[in-house]
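Here is a walk through one protein model, written for someone meeting a structure like this early on. Keep the 3D view open and click along as you read.

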Amino acid sequence: MSSPLWYPYTQMQNLPEPPLVTGGEGPWIHLADGRKLLDATSAWWCLIHGYRHPKMDAALHQQVDQLSHVMLGGLTHQPALQLAEKLVGITPEGLDRVFFSDSGSVGIEVAMKMAVQYQLQQGQQKRTQLMAVMRAYHGDTSGCMALCDPEEGMHQLFSGWLQQHPFTPAPRAGFNASPDDPLLLEDLELLRASFAQQHTHLAAFIVEPLLQAAGGFNMYSPLWLREVRRLCDQYGVLLIFDEIATGFGRTGSLFACEQAEVTPDILVISKGLTGGYLGLAATLASEAVFEGFYGDASRAFMHGPTFMGNPLACAAALASISIFEEENYLDKIARLNQVLHEELDDFTAPGVESTRVLGATGVLEASSPERLKGLKSYALDQGVWLRSFGSYVYTMPSYVIQPEQLREITQVMKGYFETS
């Protein structure tokens with residue numbers, strides 16, 4: 001019998017044994033057979049400092065000698081208090097309250113529940129739905145699944161079982177679109193029409209700012225986000241930004257929404273929050289949203305993940321943010337962005353439909369998923385760990401990767417199309 005381990009997003013029938021990882025350092029994965037692989041995906045986009053960063057390791061060793069876990073219900077501890085203060089300080093102004101959970105999906109569930117309860121407690125009894133965006137991906141739990149693209153997303157099988165929410169078309173105008181770009185103007189008109197039609201029953205609008213990551217790496221205009229903010233204000237709809245993938249520098253700024261100069265009412269962060277060392281998410285809310293829960297016990301926010309505010313995870317997050325700031329990661333990301341533009345912008349080859357780059361994210365879109373069937377094996381032979389997604393070959397590397405190492409990854413991405 002094969003291993004009883006059930007792997008994610010994987011057809012298990014006749015699955016070849018995956019490479020066995022025994023360690024790692026910086027951008028490198030170390031395998032049991034002695035090989036080293038450059039990690040192009042930073043362990044699903046979260047290991048922003050790479051493997052075995054000495055300051056991260058030290059912070060966890062220190063914390064485990066003090067306190068590994070305690071319930072945050074009725075008790076508190078310094079790592080959680082310090083991290084909440086730090087997050088309020090580095091996120092866009094106006095996000096003054098922090099609710100912890102243990103994964104990005106749960107962080108989104110918290111935001112959904114928070115938005116709906118807020119509206120109900122404001123007397124808005126009809127506002128029980130959220131509006132999401134086509135091409136969206138917000139997580140794999142049932143509430144999150146209902147906010148993922150219902151036509152092309154990975155959860156289509158469950159469409160009849162999930163709660164129904166309205167969707168607006170995904171923005172198509174690119175990141176650098178001018179204000180008078182016809183495609184942008186059409187995007188804005190479609191967005192306005194969706195709000196006009198749906199607003200009476202909307203608790204909130206949710207979107208990944210600037211980069212729809214697992215929904216197809218759609219990189220779009222900040223001007224579209226500004227209009228989202230205006231429409232939410234006009235119609236009394238809360239704005240939720242899912243920065244699980246985009247936060248902590250992935251789009252070139254600490255948080256993607258900064259590039260649009262837009263602050264949401266609720267912000268969800270995870271992945272890079274702990275540098276990938278432990279599961280942790282934070283759902284931040286404005287003071288106005290927080291005060292909507294004031295009153296008797298029935299108005300309290302009745303949610304409490306067992307491992308919320310775990311001291312080890314909070315210590316990892318504090319260390320991660322400190323490294324990000326002290327080592328000028330935004331400068332590192334700018335250099336990686338330059339490499340990605342140099343390597344991918346003008347690349348053409350049979351089977352490549354388009355290329356795009358934003359921050360420390362580089363993407364080649366293939367003509368079909370079938371075109372990528374041999375990619376993983378090809379990359380492994382070249383010493384690179386690449387995992388395609390649908391029709392996309394992408395890299396979202398750790399920020400400690402050196403420019404020449406990133407070029408090795410992009411050369412493998414391009415080489416696959418040139419040789420197959």
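Let's start with Trp-45, which counts as buried because its relative accessibility is 9%, under the 20% cut-off. You'll find Trp-45 in helix α1. Its backbone has a quirk: phi is near 75°, a positive value in a residue other than glycine. Most residues other than glycine have a negative phi. One thing to keep in mind as you look around is that this is a predicted model.

Trp-45 also helps line the largest cavity, along with Ile-48, Ile-244, Ala-245, Gly-247, Arg-250, Lys-271, Gly-272 and Tyr-399. How big is the volume of the largest cavity? It comes to about 30 Å³. The count is one cavity of 30 Å³ or more. Sorted by class, the lining has five nonpolar, two polar and two charged residues. Both domain 1 and domain 2 give at least three residues each to that lining.

So what are those domains? The chain is divided into domain 1, made of residues 12-52 + 328-419, and domain 2, residues 58-326. Notice that domain 1 is written as two stretches of the chain. The centres of the two domains, taken over C-alpha atoms, are separated by 26 Å. Where they touch, the contact takes 27 residues from domain 1 and 28 residues from domain 2.

Now for the greasy inside. The largest nonpolar core has 128 residues, and those with the most contacts inside it are Leu-87, Phe-205, Trp-224, Phe-248 and Phe-417. Helix α9 (residues 311-326) gives the largest share of this core, with nine residues. The core also draws on both domains, taking at least three residues from each.

Take Phe-205 as a case to click on. Which residues does Phe-205 contact, once its neighbours within four places in sequence are left aside? The partners are Met-131, Val-133, Thr-168, Leu-191, Phe-195, Trp-224, Val-228, Cys-232, Val-237, Leu-238, Leu-239 and Ile-240. One of them, Trp-224, was also named among the residues with the most contacts in the core. Apart from this core lies another one of seven residues, among them Ile-29, Leu-31, Leu-37 and Trp-385.

Phe-248, another of the well-connected core residues, sits in the loop between β10 (238-242) and β11 (266-269). Is Phe-248 buried or exposed? It is buried, because its relative accessible area is 3%, under the 20% cut-off. Like Trp-45, with its positive phi, Phe-248 has a positive phi, near 60°.

Next, compare how accessible a few residues are. Here are five of them side by side:

| Residue | Relative accessible area | Class |
|---|---|---|
| Phe-248 | 3% | buried |
| Thr-41 | 4% | buried |
| Trp-45 | 9% | buried |
| Val-21 | 48% | partly exposed |
| Glu-151 | 57% | exposed |

Thr-41 lies in the loop between β3 (36-39) and α1 (42-45). Leaving out residues up to four places away in sequence, Thr-41 touches Trp-385, Arg-387, Tyr-394 and Met-396. Trp-385 there is also a member of the seven-residue core.

Val-21 belongs to strand β1 (residues 21-25). Why is Val-21 called partly exposed? Its 48% falls between 20% and 50%, so neither "buried" nor "exposed" applies. Beyond its close sequence neighbours, Val-21 touches Ile-29, His-30 and Leu-31. Its C-alpha atom is separated by 5.9 Å from that of Ala-32, a residue 11 places along the chain.

Glu-151 is exposed, because 57% is over 50%. This residue is found in the loop between α5 (142-145) and β6 (167-168). Not counting residues up to four places away, Glu-151 touches Met-134 and Gln-156. From Glu-151 to Leu-190 it is 39 residues in sequence and 18 Å in space, C-alpha to C-alpha.

Finally, have a look at the second largest pocket. Its volume is about 280 Å³. In its lining are 16 residues, and Leu-72, Gly-73, Leu-75, Phe-100 and Met-308 lie nearest the centre. The elements α3 (78-90) and β4 (95-101) each give two or more residues to this lining. What classes make up the lining of the second largest pocket? It has 11 nonpolar, five polar and no charged residues.

Definitions and conventions
Residues numbered from 1 in each chain as written. Predicted model: local features only at pLDDT ≥ 70, side-chain atom pairs only at ≥ 80, totals over all residues. Heavy atoms only, no water. Core = buried A, V, L, I, M, F, W, Y, C linked by side-chain atoms within 4.5 Å. Buried < 20%, exposed > 50% of the residue type's maximum accessible area, 1.4 Å probe, protein only. Helix = DSSP H or I, 4+ residues; strand = E, 2+ residues; numbered from the N terminus. Domains from an automatic or database assignment. Contact = heavy atoms within 4.5 Å. 1 Å grid on protein atoms, 1.4 Å probe; cavity = no way out; pocket = protein on both sides within 12 Å on 5 of 7 lines; lining within 4 Å. Points joined across faces, edges and corners; volume = space filled by probe spheres on them. Nonpolar A, V, L, I, M, F, W, Y, C, P; charged D, E, K, R; others polar.
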